[in-house]
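Biologist: Could you take a close look at one part of this model for me, and then walk outward from there? I'd like to hear about the charged side chains and what surrounds them.

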Amino acid sequence: MRLKSGSAWDVNMSSRQLQPPSWTQELCCRICVDFFIDPVSLECGHNFCRSCITGYGGNSCPECRQEFPKEKLTVNRNLAKLTERAWKWTLNPGEEGSKPHCQEHQEELKLFCETDKKLICLICRDSREHKSHNFIPIKEAVEIYKDQLESSSKSLAEKKLMFLEAELKQIQKISELREQSSSLQTHITSEFAQMHQILTEKEQRLLRELRRDEEKILDTMEKNLQKIQENLYSIEGELSKLQQQMEQQDRVKFLRVEISQRRRSSEDYEKLALADEMLSLGKFNGPLQYTAWREMLDTITTAPACLTLDPNTANPWLRVSEDRTSVGLGDHRQDLPDTPERFDRGAFILGSEGFTSGRRYWQVEVGNKTWWGVGVALGSVLRKGEIDPTPEVGYWTVWLFPQSGYVARTSPSLTPLALGAGPRKIGVFLDYKAGQVSFYNADNMSHLHTYTHPFTETLFPFFCPGPSEDGVNLAPLNIVGSKVTNWTIP
């Protein structure tokens, strides 16, 4: 750290030879009247310390009053080098070996005034200007400032290390995000490519069937047309002969010709029905988008097992339907064995099938219920006593609470879910390998919330129909379709 001695000319030498060179006068800032520190140039060409000019009030040059933009300050490196050279000269004037002296008393500068941050001589110490100030030897002051610089350097080094680590982590996060985006782009392209292929195959199959039916019907019509035209040609020939016979004037010749030809009766010709079969409008002009969607749904979705409820896990207050696809709150506690897998306090129940792989989607009808919870849970979750179903203990769920509304059961606080209108069905999507559990408003497939977690245990569907409040919320939760949908990515 440079120690200023009040002004640029506080340091003077006892002889003319030790006077500062004249060029050093050009190395002083006109604002602080001291050697430049971090000198910058204005557009007008005048130079100032950066801190002086940036802290200077107004936007005009202190010397020529020409306006300048403070964001266009140019670093003057050459001036900085000259200033440093001049400063070193004042502290060590060179070959003469003389030491800097006080300009006012012509005494050697031996002390540093801590109060004024200024180099002084012994006479200055006793003057009224420095009365009651604190003084230390210059050597000691240098050591103090060196220690401060060392401490600042150490602190900056630590901060540098901290920012280097942050920089590395941020670069890694950027790389991870780009990899994730690339993977998701591939996934999206693959998913829609499968749907495009299904739709294209459906389109081509319908077009082939249309051409085949068209050719079949046209073949029948054209054959019938050929027979009609053959009969028409024969009849026209007979008509021509009859017309010629009618025009015969010789009666004897007329009778001879008529008897010899024995003409066919009109009843002798084949009676042909019109071929009027048409293409099937119901097949080719029906609800094609709907039929294609149903075929696509049946093609891309497979159900390895039905999604049903496991009554052995149900809280004794819950009632499970005979087909095990519906669960609601009963009006009394059932006398059921308190097995290890049964929830004894929370009104919870799990699905009968657990998952350790694959991508699955199912829907739960919540209707107009005012309290419910759905999601997934680890097979090893605690099932006895009071349970806060959060990810920390193996539950990934969304809920509707009367006071809080729609929320994700995150920890330490709930995460509100933004919904325009209350869904009647909730979609649950599990991608085991990707460690993803996502929830959707199944009415319009809008996304509600996603949990991410590296799964290593078996996951089971989770259901809570919620308590009854004065006879309200008695409706059960229903598994829509009673089956799990499973996608397999090639």
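Modeller: Let's start with Arg 345, which is exposed because its relative accessible area is 51% and the cut-off for exposed is over 50%. Keep in mind throughout that this is a predicted model.

What does Arg 345 meet? Its side chain and that of Glu 386 come together in a salt bridge, at 2.6 Å from N to O. This pair links distant parts of the chain: Arg 345 sits in the loop between β10 (326–329) and β11 (349–350), while Glu 386 belongs to the loop between β13 and β14, and the two are 41 residues apart. Glu 386 counts as exposed as well, at 64% relative accessibility. As for the chemistry behind such contacts, side chains of opposite charge can pair when their charged atoms come close.

The loop that carries Glu 386, between β13 and β14, also holds Gly 379; the strands on either side are β13 (372–378) and β14 (395–401). Gly 379 counts as partly exposed, with 27% relative accessibility. Follow the chain from Gly 379 to Phe 460 and you cover 81 residues, yet their C-alpha atoms are separated by 6.4 Å.

Back on the other side of the Arg 345 pairing, β10 also borders the loop where Arg 324 lies, the one between β9 (318–320) and β10. Arg 324 is partly exposed, with a relative accessible area of 34%. Its C-alpha atom is separated by 9.2 Å from that of Ser 352, and the two residues are 28 apart along the chain.

Now for the other salt bridges. The structure holds eleven of them, and the one between Glu 191 and Arg 359 is worth a stop: their side chains meet at 3.8 Å, N to O. Glu 191 lies in helix α4 and Arg 359 in strand β12 (residues 359–365), so this pair ties together parts that are 168 residues apart in sequence. Is Arg 359 buried or exposed? Arg 359 is buried, because its relative accessible area is 9% and buried means under 20%. Compare that with the pair we began with, where Arg 345 is exposed and so is Glu 386. There is also a third partner to bring in here: salt bridges that share partners join Glu 191, Arg 359 and Asp 431 into one network.

Helix α4 has another pairing that stays within the helix. Glu 176 forms a salt bridge with Lys 173, and the closest N and O atoms are 3.9 Å apart. Since the two are three residues apart in helix α4, about one helical turn separates them. Glu 176 counts as partly exposed at 44% relative accessibility, whereas Lys 173 is exposed, with a relative accessible area of 52%.

While we're on α4, have a look at its surface. Leu 184 lies in this helix and is partly exposed, with a relative accessible area of 45%. Together, Leu 184, Ile 188 and Phe 192 make a nonpolar surface patch of about 290 Å².

A patch of another kind involves Asp 147, which is found in the same helix α4 (residues 138–246). Which residues gather with Asp 147 in a patch of negative charge on the surface? They are Glu 114, Glu 140, Glu 143 and Glu 150. Asp 147 itself counts as partly exposed, at 46% relative accessibility.

Ahead of that helix in the numbering, Ser 132 has its place in the loop between α3 (122–126) and β8 (135–137). Ser 132 is exposed, with a relative accessible area of 70%. Thr 115 is 17 residues away from Ser 132 in sequence, and the C-alpha to C-alpha separation is 9.2 Å.

One last item, the cysteines. A search of the whole structure finds zero disulfides. Cys 29 is in no disulfide, since the nearest cysteine sulfur, that of Cys 32, is 4.0 Å away and the cut-off is within 2.5 Å. Cys 124 is likewise in no disulfide; here the nearest cysteine sulfur belongs to Cys 121, at 3.5 Å. With 1% relative accessibility, Cys 29 counts as buried, and Cys 124 counts as buried too, at 7%.

Notes
Residues numbered from 1 in each chain as written. Predicted model: local features only at pLDDT ≥ 70, side-chain atom pairs only at ≥ 80, totals over all residues. Heavy atoms only, no water. Buried < 20%, exposed > 50% of the residue type's maximum accessible area, 1.4 Å probe, protein only. Patch = residues over 30% accessible without salt bridge, like charges linked within 9 Å, V, L, I, M, F, W, Y side chains within 5 Å. Areas by Shrake-Rupley, 256 points an atom, 1.4 Å probe, with all protein chains shown as cover. Salt bridge = Lys/Arg side-chain N within 4 Å of Asp/Glu carboxyl O. Lys, Arg positive; Asp, Glu negative; His and termini not counted. Charge placed at Lys NZ, Arg CZ, Asp CG, Glu CD. Helix = DSSP H or I, 4+ residues; strand = E, 2+ residues; numbered from the N terminus.
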